[in-house]
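Dear colleague,

I am handing over the structure below, and my notes on the ligand site and on two backbone details follow it.

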Amino acid sequence: MKQKHLIAPSLLAADFLHLADACQLINESEADWFHLDVMDGKFVPNISFGMPIISAVKKACTKPLDVHLMIVEPEKYITAFREAGADVITVHYEACPHLHRTIQQIKDTGAKAGVALNPHTSVDLLDNVLEDVDLVCLMSVNPGFGGQKFIYQTLNKIRKLQEKIITRNLSTIIEIDGGVGLQNAEAILQAGARVLVAGSSVFKAEQPLDAISRLKAIGKDTLFA
Ligand code: DX5
Ligand code: ZN
């Protein structure tokens, strides 16, 4: 039996004036993780938030915090993000000249280690570290902003990566980030993804709780029966 997929709503699309409400929503919902996007204005052309917001969210949120670092030199801040409350820490392949070391550094803190790939970056580039990572985040938009359009080529990347994971009998899971919603979630899961990050499709929905439930219910009686 296939394992159930996970839903990770992204805080980036929430109302920052009401972070406590966003946390409460996540707690009450069927969401599995809370996805937190850290942007530095260097690796990506946007700036979001850092450790103080993550520590605040940690106090109010009962679900694991999935921290996506879109920053240069992430190795300098791994311990600080772990101390702020990150349960999963994902760094970008493109930002890590010593990726193997950075992955070990994340694991040494006790967090799960993730590596994210920009849309143009081939999954083949992870061949030498796939054993070491808990999660691969395939970006399905160019990172930096919420509310962008899903890049369909990502489906081929998911299939290719999932094939490597199965062939090598690994437990690495695939997360998809950017432009995910009800219109494409089933295709993404069928291609082999396990975690769906959803910003706008959850927090900009009229009924965010319902949007999460519907994403979670996908494939209930077919894919995962
Ligand atoms: C984009 C971020 C995403 C973003 C997703 O750089 O990494 O996590 O919040 O937002 P949507 O779901 O609106 O594309
Ligand atoms: Zn993200």
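Around ligand 1 there are 20 residues (each with a heavy atom within 4 Å of the ligand), of which Asp37, Gly144, Asp177, Gly199 and Ser200 come nearest. This is a predicted model, in which local features need pLDDT of at least 70 and side-chain atom pairs pLDDT 80 or more, while totals for chains, interfaces and linings use all residues. Residues are numbered from 1 along each chain as its sequence is written, chains are lettered from A and ligands numbered from 1 in the order written, and side-chain values use heavy atoms, without hydrogens and water.

By class, the shell around ligand 1 holds eight nonpolar, ten polar (Gly counted among them) and two charged residues. Strands E2 (34-39), E3 (65-70) and E8 (195-198) each supply at least two residues of this shell, and the largest share, three residues, comes from E2; strands here are DSSP runs of at least two residues, and helices of at least four.

As for polar contacts (N or O pairs within 3.5 Å), oxygen atoms of ligand 1 lie 2.6 Å from a side-chain N or O atom of Asp177, 2.8 Å from one of Asp37 and 3.2 Å from a polar side-chain atom of His68. Taken alone, ligand 1 exposes 390 Å² (Shrake-Rupley method, 1.4 Å probe), and the protein buries 98% of that.

Lastly, Asn169, although not a glycine, has a positive phi of about 55°, and its place is in the loop between helix H5 (154-167) and strand E7 (173-177).

Best regards

Methods:
Polar contact = N/O pair within 3.5 Å; in protein donor to acceptor, adjacent residues only side chain to side chain.
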